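Q: Could you give me a close look at one part of this model, starting from its open space and then following what packs around it? I work with force fields and grids, so please spell out the cut-offs as you go.

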Amino acid sequence: MSDELFMREAIALAAQAAQQQEVPVGAVVVKNGEIIGRGSNAPIALHDPSAHAEMLALRDAAKRIGNYRLVDCTLYVTLEPCAMCAGAIQHARIARLVYGAADPKTGACGSVVDLMNEPKLNHHTQVISGVLAEDCSHMLSAFFKARRLSKSAQ
């Protein structure tokens, strides 16, 4: 299975988040070619600042396999993870992170800071960026444009 195929699954989850008026970010955890965890942004619905797509996908995968260590897994996410999510990715021992759109404001995997390559940390996740970046970026841009337009119409 290709990175693009799994990223399309994450994009579908991001679209679900947008339908719920959440920032459209989706994530899937894959092990041995199978999706074992899914998540879409839900901090508003869950009243939980940690309910980012990555966090929910990691929780789902850990619950499914019965272990918080997600060794030999790949996390696909439509937006570059923030520092909170990057920390959780490292604690879970995710082997690979594949993300679509870079986040120049809060990205912690190379854009603002690079926690995945911090030499003082004991786990280093391989990072692949830019997979279906245009699709991921467009979804985010369209969401925020619509939000701005609805606020200006009020």
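A: Happy to. The largest pocket holds about 400 Å³ of space. A pocket here is an open set of points on a 1 Å grid over the protein atoms alone, where a 1.4 Å probe fits and protein lies on both sides within 12 Å along at least five of seven lines; lining residues have an atom within 4 Å of a point. Points are joined across faces, edges and corners, and the volume is the space filled by probe spheres set on them. This is a predicted model, so local features need pLDDT of at least 70 and side-chain atom pairs pLDDT 80 or more, while totals for chains, interfaces and linings use all residues. Residues are numbered from 1 along each chain as its sequence is written, and side-chain values use heavy atoms, without hydrogens or water.

The lining of this pocket comprises 18 residues, and V23, L79, D103, T106 and L140 lie nearest the centre. Sorted by class, there are 10 nonpolar, four polar and four charged residues; Ala, Val, Leu, Ile, Met, Phe, Trp, Tyr, Cys and Pro count as nonpolar, Asp, Glu, Lys and Arg as charged, and the others, Gly among them, as polar. Helix 5 (residues 133-153) contributes the most to this lining, with three residues. Helices (H or I, at least four residues) and strands (E, at least two) are DSSP runs numbered from the N terminus.

L79 leads us on to E54. L79 is one of the residues nearest the pocket centre, and it is also in contact with E54. E54 sits in helix 3 (residues 53-65). With a relative accessible area of 4%, E54 is buried, where buried means under 20%, exposed over 50% and partly exposed in between (1.4 Å probe, protein chains only). Beyond neighbours within four places in sequence, the contacts of E54 (heavy atoms within 4.5 Å) are V25, A27, L75, V77, L79, P81, C82 and C85. For a sense of distance along this helix, the C-alpha atoms of E54 and R64, 10 residues apart in sequence, are 15 Å apart.

Two of those contacts are cysteines, C82 and C85. How many disulfides are there? The count is zero, taking a disulfide as a pair of cysteine sulfur atoms within 2.5 Å. C85 has the sulfur of C82 as its nearest cysteine sulfur, 3.8 Å away. At 0% relative accessibility, C85 is buried. For C109, also in no disulfide, the nearest cysteine sulfur is again that of C82, at 8.7 Å. C109 is buried too, at 5%.

H52 reaches this cysteine pair as well. H52 lies in the loop between helix 2 and helix 3, and is partly exposed at 22%. Leaving out neighbours within four places, H52 contacts N41, C82, M84 and C85. The C-alpha atoms of H52 and C82 are 9.3 Å apart, with their positions 30 residues apart along the chain.

C85 also brings in helix 4, whose buried residues are C85, A86, G87, A88, I89 and Q90. Helix 3, strand 3 and strand 4 are among the elements that cover them. H91, in contrast, is in helix 4 but exposed, at 58%. Apart from neighbours within four places, H91 contacts Y68 and R69.

Just after helix 4, R93 has a positive phi of about 65°. Most residues other than glycine have a negative phi. R93 is in contact with L70, whose other contacts beyond four places in sequence are L58, A61, A62, I65, A92 and I94.

L70 takes us to the wider packing. The largest nonpolar core has 44 residues, and M7, V29, L58, L70, L75, I94 and L97 touch the most other members. Such a core is a set of buried Ala, Val, Leu, Ile, Met, Phe, Trp, Tyr and Cys residues joined through side-chain atoms within 4.5 Å. Elements giving two or more residues to this core include helix 1 (3-19), strand 3 (73-79), helix 4 (83-91), strand 4 (96-101) and helix 5. Helix 5 thus appears both in this core and as the main contributor to the pocket lining.
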